[in-house]
Amino acid sequence: MMESAVDVVVVGAGSAGAGAALACARRGLSVVCVDGRDLDGAGARWINALPHALFAPANLPLPVPPVLVSRPEPLVMIAGWGPDRIRIADTGMFEVDMRLFVADLQQQARQHGADLRGRTRVHGWRPDGRGGAWVDTDQGALRARHVIDASGLG
């Protein structure tokens, strides 16, 4: 059983959780990021379109192959039933293999000092009486100043 105190507990190690863990760890905060699944099974498992304009504000490099599946292609929509078409030359989106993207975010979070733990289910949380919270997991309790719920669809 683990019992520890950290600045941040992140629940969910997919793209949102691993990204949050990375951002917090980069700022020097102590971070534990937990996921109920194995870490290599956390998060989205498909190819997804991500807006390239969000990478710079998140201090992330633009994706490259094999994470990057395709670059933005023009989008053509048929307007109504007629021959008119609407063409958007740059949608601002990349197609990204989310499995590889999540793995990369997790690796970067670890490199910045975050502790990522798979197969750790969260059963709830409760106030710690000091402005933070206890996060109850099947591996023990974690005390944190902040809790980020990035548990997603699962």
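Biologist: Where in the chain is R119 found, between β8 and which other strand?

Modeller: R119 is found in the loop between β8 and β9, and, before we go further, please keep in mind that everything we discuss here is read from a predicted model.

Biologist: What is there to notice about the phi value of R119?

Modeller: The general idea is that most residues other than glycine have a negative phi. In this structure, R119 has a phi near 50°, a positive value in a residue that is not glycine.

Biologist: How should I read its accessibility, and is R119 buried or exposed?

Modeller: A residue is called exposed when its relative accessible area is over 50%, and buried when that area is under 20%. R119 has a relative accessible area of 56%, so R119 counts as exposed.

Biologist: What about T120, is that residue buried or exposed?

Modeller: T120 also lies in the loop between β8 (115-117) and β9 (122-127), but its relative accessibility is 4%, and T120 therefore counts as buried. In addition, the side chain of T120 reaches the backbone oxygen of G118 at 3.0 Å.

Biologist: Which residue in the loop between β3 and β4 has a positive phi?

Modeller: That residue is N59, which lies in the loop between β3 and β4 and has a phi near 60°, although N59 is not a glycine. With a relative accessible area of 52%, N59 is exposed.

Biologist: How should I read the peptide bond from P65 to P66, as cis or trans?

Modeller: As a general matter, most peptide bonds are trans. Here the bond from P65 to P66 is cis, with omega near 10°, and P66 lies in the loop between β3 and β4.

Biologist: Turning to the strands on either side of that loop, what is the strand order in the open sheet of 3 strands?

Modeller: The order is β3-β7-β4, and the pairing is antiparallel. Because β3 (47-51) and β4 (68-70) stand at the edges with a single partner strand each, one side of each strand is left without a neighbour in the sheet. On average, and with direction ignored, neighbouring strands of this sheet are turned by 45° against each other.

Biologist: How many bridges join β4 and β7, and which residue of β7 stands opposite L68?

Modeller: β4 and β7 (residues 93-97) pair in the antiparallel sense over 2 bridges, and L68 stands opposite V96 in β7. Helix α2 (residues 98-111) packs on this sheet, where the helix touches β3 and β7 and its direction makes about 80° with that of β7.

Biologist: Stepping back to the chain as a whole, how many helices and strands does its secondary structure come to?

Modeller: The protein chain has 2 helices and 11 strands, and from the N terminus on its elements run β-α-β-β-β-β-β-β-α-β-β-β-β.

Biologist: Why is the chain described as more spread out than a compact globule?

Modeller: The way to read this is to set the radius of gyration against the value of the globule rule, and for this chain of 154 residues the radius is 19 Å, well over the 15 Å from the rule, so the chain is more spread out than a compact globule. Along its principal axes, the C-alpha trace spans about 65 × 30 × 25 Å.

Biologist: What percentage of the 154 residues is buried, and how much area does the chain expose?

Modeller: Buried residues make up 37% of the 154 residues, while the chain exposes about 9100 Å², of which carbon and sulfur atoms supply 55%. Among contacts with a separation of 6 or more, 60% are between residues 24 or more positions apart.

Conventions. Residues numbered from 1 in each chain as written. Predicted model: local features only at pLDDT ≥ 70, side-chain atom pairs only at ≥ 80, totals over all residues. Heavy atoms only, no water. Pairing = 2+ DSSP bridges. Helix = DSSP H or I, 4+ residues; strand = E, 2+ residues; numbered from the N terminus. Axes fitted to C-alpha atoms, helices over the stretch in contact; angles between N-to-C directions. Contact = heavy atoms within 4.5 Å. Buried < 20%, exposed > 50% of the residue type's maximum accessible area, 1.4 Å probe, protein only. Polar contact = N/O pair within 3.5 Å; in protein donor to acceptor, adjacent residues only side chain to side chain. Rg over C-alpha atoms; globule rule 2.2 N^0.38 Å. Areas by Shrake-Rupley, 256 points an atom, 1.4 Å probe, with all protein chains shown as cover.
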